[in-house]
Amino acid sequence: MDDAALLEAVAEGSQDAMAAVYDRYSRIVYCIALRVLREPGLAEDVMQEVLLQVWKRPQSFVSQRGNLGAWLSVVTRNRSIDVLRKRSPLDQLDPLDEIRLPDPRDMALASEQNWLMEKVRVAIDSLPEEQQDPLELAYFHGLSHTEIAEKTGSPLGTVKTRIRAGLMTIRKAMNP
Amino acid sequence: MNDRLHIADSDLALYAMGSLTAVEMDATRSHLLVCAQCKEELRLNQIALAAYAQTTPEVAPPDDARDRFMAQLATTPQLHGQPQTQLEPETQAIIPAAPQESLSPWRTFKLFVSANFAGPLAGALAVLLIAVAIDDVKFREALHNERIAAKQGKADSVQLAKLMEMLTSTHVRRVVLHQGTVASPPPEGRVVYEPNSGRLLLSASNLQPLPAGKTYELWILQPGGNKPLPAGTFKPDALGNAAMILVPAPAGVDAQGFGVTIENAGGSDTPTLPIVLSGS
């Protein structure tokens, strides 16, 4: 059963369908939360919260999108950063209604084709450390560009340039 | 952080990660409301970041986490019909709740006046509406004078009704005056919004005709990049003029600006780009 059909079943109140969503996506959601929070208990809390959002409002996802994995990844990262910064759900970094989802067709490629993910991994690994680190610090540690500049001792402009360069490398790997 | 027209690419990358300062985040959000090019650049960054997130080596959650999740699921109700987790317009697929049937501006006004204003105040309101519709300094001066007169009990509610009927009639000529000769005047609109009561007035001119099944919709832009709030739908007459008079709008909003989009008939809960009119 694909995501769209699964979500339609969830929208009809099927707990079995929601269990299937859990089985399909709990690993990626948990590992992203763990990467940000580095504490298993907190990571599980975020995982449960994010997946329960799907249960509470499945109609928000039932669509032609079919890229639930990508959406969950982004939401999980953002919610984890909120927890890291100890923000309340009412003061989220990126409220759910503001999250800009990638185009479903694009993300179908990204999420469904392992080889593409592997290309992205290789591209990231190929980055020099001075580019990998600011990207990691910004995305998975939730640091601002100013904080990264202070932490790495690099000028602010350099931090921005390196983050941008790292992101462009990923984009090129996805769309050579 | 940006050139005259666009947000710098590096800042868009940081915005996608929430790594800008609060002020920069707000400025970027505002720009994205009106810039398709930066919005597209942001979308590409977000695709890349979603992929970046998914490259994280998978780790299985604790064995008993599934049981805890299912137990929580069993006690968590689903929230049907509450579109608070909508996604961006271009990707969200939520079916918006059926909009409330709106009253005509004139009927709304009459109900509003009868419910809220006794004679003297009504005269002041009528002049306010004219000021909105025509945006003439002299009318604003008249408003001031009328307010004084209204306080003195000299305004005439019958006169108010006539003024309102004229303002909302489809059988009058409305002309926007410009300096010099304007061959093809651009669409423009004026909004007055009173946050305390949610009262809102809009007057627009030179609007493009709408395709069948479409309507213009006014949005209140909130600070902090919060979701724009719908503030009423309207359609222009054959000459491109439109007005919304005292349409019920959300109250208590610290409006950062206003925007107008084209939506499906009946209106939408989230704006669909492009924004055809905006101002702050």
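Trainee: What share of the 176 residues in chain A is buried, and what makes a residue count as buried?

Mentor: In this predicted model, buried residues make up 49% of chain A. A residue earns that label because 20 or more other C-beta atoms lie within 10 Å of its own.

Trainee: And which elements is chain A built from?

Mentor: Chain A has nine helices and zero strands.

Trainee: Okay, two of those helices. Why is α2(A) called roughly parallel to α4(A)?

Mentor: Set the value against the cut-off. Helix α2 (residues 15–37) and helix α4 (residues 68–84) of chain A pack at about 30°, with axes 9 Å apart. Angles under 35 degrees count as roughly parallel, so α2(A) and α4(A) get that name. The crossing itself is right-handed.

Trainee: What kinds of residues make up the contact of α2(A) with α4(A)?

Mentor: They divide into twelve nonpolar, four polar and one charged. Among them are Ile28(A) and Ile32(A) from α2(A), and Leu72(A) and Arg77(A) from α4(A).

Trainee: Over to chain B. How do you know that β3(B) and β4(B) pair?

Mentor: Count bridges: pairing takes at least two. Strand β3 (residues 214–221) of chain B has four with β4(B), so they pair, in the antiparallel sense. For instance, Tyr216(B) has Phe234(B) in β4(B) as its bridge partner.

Trainee: What makes β4 and β7 of chain B edge strands?

Mentor: The open sheet runs β4-β3-β6-β7 in chain B, with antiparallel pairing. β4 (229–234) and β7 (275–279) of chain B each pair on one side only, and that makes them the edges. Neighbouring strands of this sheet are turned by 25° against each other on average, direction ignored.

Technical notes. Residues are numbered from 1 along each chain as its sequence is written. Chains are lettered from A and ligands numbered from 1 in the order in which they are written. This is a predicted model: local features need pLDDT of at least 70, side-chain atom pairs count only at pLDDT 80 or more; totals for chains, interfaces and linings use all residues. Helices (H or I, at least four residues) and strands (E, at least two) are DSSP runs, numbered from the N terminus. Axes are lines fitted to C-alpha atoms, for helices over the stretch in contact, and angles run from 0 to 180 degrees between N-to-C directions. A residue is buried if 20 or more other C-beta atoms lie within 10 Å of its own, exposed if 12 or fewer, and partly exposed in between; C-beta atoms are placed from the backbone. Angles under 35 degrees count as roughly parallel, over 145 as roughly antiparallel, 65 to 115 as roughly perpendicular and the rest as oblique. A crossing is left-handed if the near helix is turned anticlockwise from the far one by less than a right angle, and right-handed if clockwise. Two residues are in contact if their C-beta atoms, placed from the backbone, lie within 7 Å. Ala, Val, Leu, Ile, Met, Phe, Trp, Tyr, Cys and Pro count as nonpolar, Asp, Glu, Lys and Arg as charged, and the others, Gly among them, as polar.
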